[in-house]
4 protein chains.
Amino acid sequence: MKKVSIIGATGYVGIELMRLLHQHSEVKIKDLISKSSAGQRLTDLYPQFRGSELNNYQLKAMEDFQAEASDLIFTALPHGVSQNIVGELSGKGAKIIDLSGDFRYHDLDIYEEWYGVKHKHPELAAEAAYGLVELNREQIKKADLVANPGCYVTASLLGILPMLSFSKADLSSIIIDAKSGVSGAGRSLKENLLFTETHNSMKAYSPAVHRHSSEIEYIANQFLKGEYDSDLKTFNPADISTGADRAQILFTPHLVPIKRGILATIYLNLKESSSEAEILELFQQAYNEEEFVQVLADQLPEIKNVAGSNFAQIGFKYDQRTARLIIVSVIDNMLKGAAGQAVQNMNLIFGYPENTGLKATALFP
Amino acid sequence: MKKVSIIGATGYVGIELMRLLHQHSEVKIKDLISKSSAGQRLTDLYPQFRGSELNNYQLKAMEDFQAEASDLIFTALPHGVSQNIVGELSGKGAKIIDLSGDFRYHDLDIYEEWYGVKHKHPELAAEAAYGLVELNREQIKKADLVANPGCYVTASLLGILPMLSFSKADLSSIIIDAKSGVSGAGRSLKENLLFTETHNSMKAYSPAVHRHSSEIEYIANQFLKGEYDSDLKTFNPADISTGADRAQILFTPHLVPIKRGILATIYLNLKESSSEAEILELFQQAYNEEEFVQVLADQLPEIKNVAGSNFAQIGFKYDQRTARLIIVSVIDNMLKGAAGQAVQNMNLIFGYPENTGLKATALFP
Amino acid sequence: MKKVSIIGATGYVGIELMRLLHQHSEVKIKDLISKSSAGQRLTDLYPQFRGSELNNYQLKAMEDFQAEASDLIFTALPHGVSQNIVGELSGKGAKIIDLSGDFRYHDLDIYEEWYGVKHKHPELAAEAAYGLVELNREQIKKADLVANPGCYVTASLLGILPMLSFSKADLSSIIIDAKSGVSGAGRSLKENLLFTETHNSMKAYSPAVHRHSSEIEYIANQFLKGEYDSDLKTFNPADISTGADRAQILFTPHLVPIKRGILATIYLNLKESSSEAEILELFQQAYNEEEFVQVLADQLPEIKNVAGSNFAQIGFKYDQRTARLIIVSVIDNMLKGAAGQAVQNMNLIFGYPENTGLKATALFP
Amino acid sequence: MKKVSIIGATGYVGIELMRLLHQHSEVKIKDLISKSSAGQRLTDLYPQFRGSELNNYQLKAMEDFQAEASDLIFTALPHGVSQNIVGELSGKGAKIIDLSGDFRYHDLDIYEEWYGVKHKHPELAAEAAYGLVELNREQIKKADLVANPGCYVTASLLGILPMLSFSKADLSSIIIDAKSGVSGAGRSLKENLLFTETHNSMKAYSPAVHRHSSEIEYIANQFLKGEYDSDLKTFNPADISTGADRAQILFTPHLVPIKRGILATIYLNLKESSSEAEILELFQQAYNEEEFVQVLADQLPEIKNVAGSNFAQIGFKYDQRTARLIIVSVIDNMLKGAAGQAVQNMNLIFGYPENTGLKATALFP
């Protein structure tokens, strides 16, 4: 049994990691670190763990944590904070999976522009492997530090990646209209996250300027440059759409009154006429051997069919009339969009079957 | 006091009309017609009217209805059914406001293609005035038959109309990603409308092929042809964007787990660089004298600020980087998107102040 | 037009008062006082008022407020705070309707025990009229200071009052299990009011020790002592249930994931056999002339039929088998449970028809 | 690997059984029987199973089902229908766990009175073991037919059982006010289960006359007669409360707009003064060795801490002032209230550890 720890254990991503890890057959939770709740019993904060082996866990402070005693550490912290902690933990023998935005960019100019933060560990950013498993499986296996992707980014990239190398696609035309449940905002005490402010309502926010916008576009273009040893079966640098050497992405997130789930509706112009059969084949080639990405041939995906699971589901519609492709991609933002994907990365690193501890299907109704 | 009647009184749009009309200071409800519930007491079906003057109303059957006794009739019926009823009622002296899709198109080829129904009253379709008040106020005032717009169409057109005559707009690039509450689907017994199937979930449906798609595009292009005596202050045929003599619209609706409200996120490419100030001025010119359309200069609209009211709120973001405009338009689908707009049309027809009976602000929280 | 002001204008109760008052035909809003937002424009905080005459209102600070310039002042403040402000305002000519718990008890020992606060204005508490209109209409009309009832208290008392003078009722057996929407908790930044913490969940809280418990029991017993000039037609001191000279009430509130609405399920043992007809008659006698309280003879009430309105609906079931009566009472906690009732009180004080500005039926769906 | 089948596989309880069973380490799903969907692929109806081994399952008709080929059969059918199917399946070697109300009563007079159905298999009803594990573990282990308890009944009995043998409890005073999520009503096409009719609303239904009322009272009294070989550590026939030889229960269910979860608030009079410590000890004695029932000493339970899990959580408050006990019990109605408990029963029958396949903690947020 490998020993794993979580730093930032009492945020929503932290407890979702706990939920997955305490029932994972191959690992054991070593330490749960929480700045705000050190010294408290986990079940006083989260009574849902009373019936589990975590019943008597006491949350620790960072200063009492020995990185060396863990085989792998998950850092579930705000960006900016995370790079410091990862800097401290690095080189002590434990693998690290970081769930913040701090290590997702090799090009730190982009990071610093969009995050408004100076990066203090460029050497770590340079070696971090981007943790979208379906894109970057081989690098992840060998990495000491994995940068787990953003939630919106995961839903968006899974929907758009197989189209990036499609010669008919106009990569300058990509628009992503994403809708997220409220858990994506974390457990922060903000007025606009109160039940009375969000229930029965809906809004767009940060159109064109959300940080995940830069991450989607950056990773898509890294992919086009051949930076990832992608398993995506469609990937063939020779096929890369010419004329648009760069993908340009306009991204608008929305907040909807559900707990979990992201639905990304992606719009893409085609430069030549295509067909649903042709598009379907591209998706199937990309994902046929991927357990966690399911391509729907004849229906559109719904949040309820993935919420509570690590699965992504993708459907699409080709509109002959406007020569546009509409792709719909859904995930559970807490799982494939955060903690589930992190465990999938851990499984890769430790050489376990990729689906270990991640087989649950959606909780419905 | 004018006398008004509702045919199709017990559907959701019917009861919303009732709610508005029984407290309208200038009209009196004459007859409430319901095929399914004729003979029943209204308050046995809808106990919320117990405290009102509708407490003793008994629902009538169509065969007991005398059109001549009403000054105005609202028809809140399914398309296809509605044209027959309107055909029967027509010419008996009562004005008619029809809330179905049957009389929204002067070009019946488009209607028949998208609705899959042969139109039996082309002469009535030809004379019907399209009932988007802000677009067509003068024609509505004189009309015997008003075709009340679709709910998605109202949210979409209010957001896009001021841009149609903007010379920098690429009218072939319009994408509308709309999100609606469940009341828009009416009171139909369908499995996918059950609480357990929609709560905490979300989905796209009918991408590119929803009927309202054709209505948005049709009306936008009629506007470009100068068919409406628009009050929109920006409207100047000489300004009409050249190069794109037609607007082409890709429309994707989504179902979200709220009761009321439509949020339409509209994407539009600009052919030349612009600025937020320039765009704001276009919106303000269009709507400054419109009571029911509010342009937000510095924030994005939310459903909660219009639900329960007849107001539309519109915000936008100009993204210099991608030269795209993102417009967000919100309405209450039951009010500005259906019954509220119908009452606004009625006020115009009868010469009452346009906001009579429609002054309520959003019910929040 | 009378001039009215609101102190505590930007809390949920404050804006609900605004919503009602700015459309009230007989009054005009004078000042809106907010400690936290003085100097800000109302519509920057609450954009739903953009289309109204409140569009240009600027929130004021308490120190800039002249009580003398208003005919009536609503105080929508936390208990403890409210008594100080009311103390300051008192005697300056304006009537006051206080929505806190501070002036609901003539017996200050009970207040101080349950609220944990020393009362600084016993003289005002002594003269304040309890503002449950159906119970105390005549005293309210003459009062300078009205104590608007608690939300749970209103739902509970309307359900139980007609039974208090029923000789078969065992007044020591009353149990009230109440369920409230989240708006009842106000706009406070508490973790347990976040969307993610309340949506799709439910809980009981403060069983037996909620402050409204004491208010329900106190007012019920004041009623039994003949303290109110009740219009309740059943009321006849000679009928008062003997054997139980006091009502004893066990009250448990619950938080449910809806925005507005309280549903109180009330359990009461009968000492002798009764019948549904007998019980119905008692309710009808009590409320037949009350516009805002509707007795349902043959169905149980639901939140959706009152939310958005000032109406209460009451239904019941007599269970012969266990000799128990189950009464279900529903209100909108923001309206009949707070702001609506306050306006009803204002109408009484000014001599307007009681339903002025309060005729809206429930907003459904 | 034991082979198990589900009859009634496409109702909500059926698919919840599937979700649990297809990941159970010791059993394999053999046949999935659905009257309405025979011949269809499971994943066309429920796309959430695409990523699982059930991906290619085809639903079967009853006439193609061989009971002998399964070691155990779950029947998830409406009452009345279920007894016929169980009658057919019985004696063919497969154990049966029935999730309807048909085999929960040994006294068929009560069944027939409350269900309005004549029982056709009294011999099976007589031998069926009542499947509340914590109450009847030993009988279940040996049973050929287990009657899985009702959802409300499970929440209620777990809350009240430890009090039944408490000499200070007045067993004639029990009132249970229960609140359930909408999934409890199943996937039936009823108007009052539409999203628009239930969201943001709430109601009581069937007060005093719900079928689960009779089941709670019947099982409680069977327990008092010593019919179950209870593991409840408090159980001692000599202790049984005298004076009240029978428990009498008044039960009122409510529908609340959540998907999963039942919260039962239980009221019980005490005949003598007690203390929170004394009550806590009774609960702890009863459940200390029970994995799936957690007693909270210092807080009240919430739905969110059990939804998605097979755990029950129980909290309480003793109110000295009114000498009443308030017990709050929460479960996930689909799991501990139906499918989870059925799997727990299956584990007992097959001799597997009771928690096999049931270790998941609540899905939160």
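A polar contact is a pair of N or O atoms within 3.5 Å; within protein, one must be able to donate a hydrogen and the other to accept it, and residues adjacent in sequence count only if both atoms are side-chain atoms. Keep that in mind for the exercises below, which work on a predicted model.

**Exercise 1. Describe how chain D and chain C are related, and which residues they use to touch.**

Step 1. Start with the superposition: turning chain D by 180°, with 0.0 Å of shift along the axis, places it on chain C at an RMSD of 0.0 Å.

Step 2. The two copies are therefore related as by a two-fold rotation axis.

Step 3. Now look at the contact residues: 100% of those in chain D recur in chain C, and the same surface serves both copies. Each side is counted in turn, with 48 residues from chain D and 48 residues from chain C.

**Exercise 2. Work out what the interface of chain D and chain C is made of.**

Step 1. Take the area. About 4,000 Å² is buried between chain D and chain C, and carbon and sulfur atoms account for 59% of it. On the chain D side, M202(D), R321(D) and R324(D) lose the most area to chain C, together 16% of what that side buries.

Step 2. Count the polar links. There are 26 residue pairs in polar contact between the chains, both residues at pLDDT 80 or more, and the salt bridges number six. For a salt bridge to inspect, go to R321(C) and E217(D), where the closest N and O atoms are 2.8 Å apart.

Step 3. Find the elements. Those giving two or more residues to the chain D side include α9 (211-224), β12 (312-319) and β13 (324-331) of chain D. The largest share, five residues, comes from β7(D).

Step 4. Sort by class: the chain D side has 24 nonpolar, 11 polar and 13 charged residues.

**Exercise 3. Within chain A, characterise the contact between domain 1 and domain 2.**

Step 1. Set the bounds: domain 1 of chain A covers 2-127 and domain 2 covers 152-333. Their centres, taken over C-alpha atoms, are 27 Å apart. Domain 1 brings 13 residues to the contact and domain 2 brings 14 residues.

Step 2. The buried area between these domains is about 1,200 Å², 51% of it from carbon and sulfur atoms. In domain 1, Y12(A), R104(A) and W114(A) lose the most area to domain 2, together 48% of what that side buries.

Step 3. Look for charged pairs: the domains share two salt bridges. R104(A) appears again here, meeting E215(A) in a salt bridge at 3.0 Å, N to O.

Conventions:
Residues are numbered from 1 along each chain as its sequence is written. Chains are lettered from A and ligands numbered from 1 in the order in which they are written. This is a predicted model: local features need pLDDT of at least 70, side-chain atom pairs count only at pLDDT 80 or more; totals for chains, interfaces and linings use all residues. Side-chain values use heavy atoms; hydrogens and water are left out. Domain bounds come from an automatic or database domain assignment. Contact means heavy atoms within 4.5 Å. Buried area is the accessible area (1.4 Å probe) that two parts lose on being put together, summed over both. A salt bridge is a side-chain nitrogen of Lys or Arg within 4 Å of a carboxyl oxygen of Asp or Glu. Copies are superposed by least squares on the C-alpha atoms of residues with pLDDT of at least 70 in both. Helices (H or I, at least four residues) and strands (E, at least two) are DSSP runs, numbered from the N terminus. Ala, Val, Leu, Ile, Met, Phe, Trp, Tyr, Cys and Pro count as nonpolar, Asp, Glu, Lys and Arg as charged, and the others, Gly among them, as polar.
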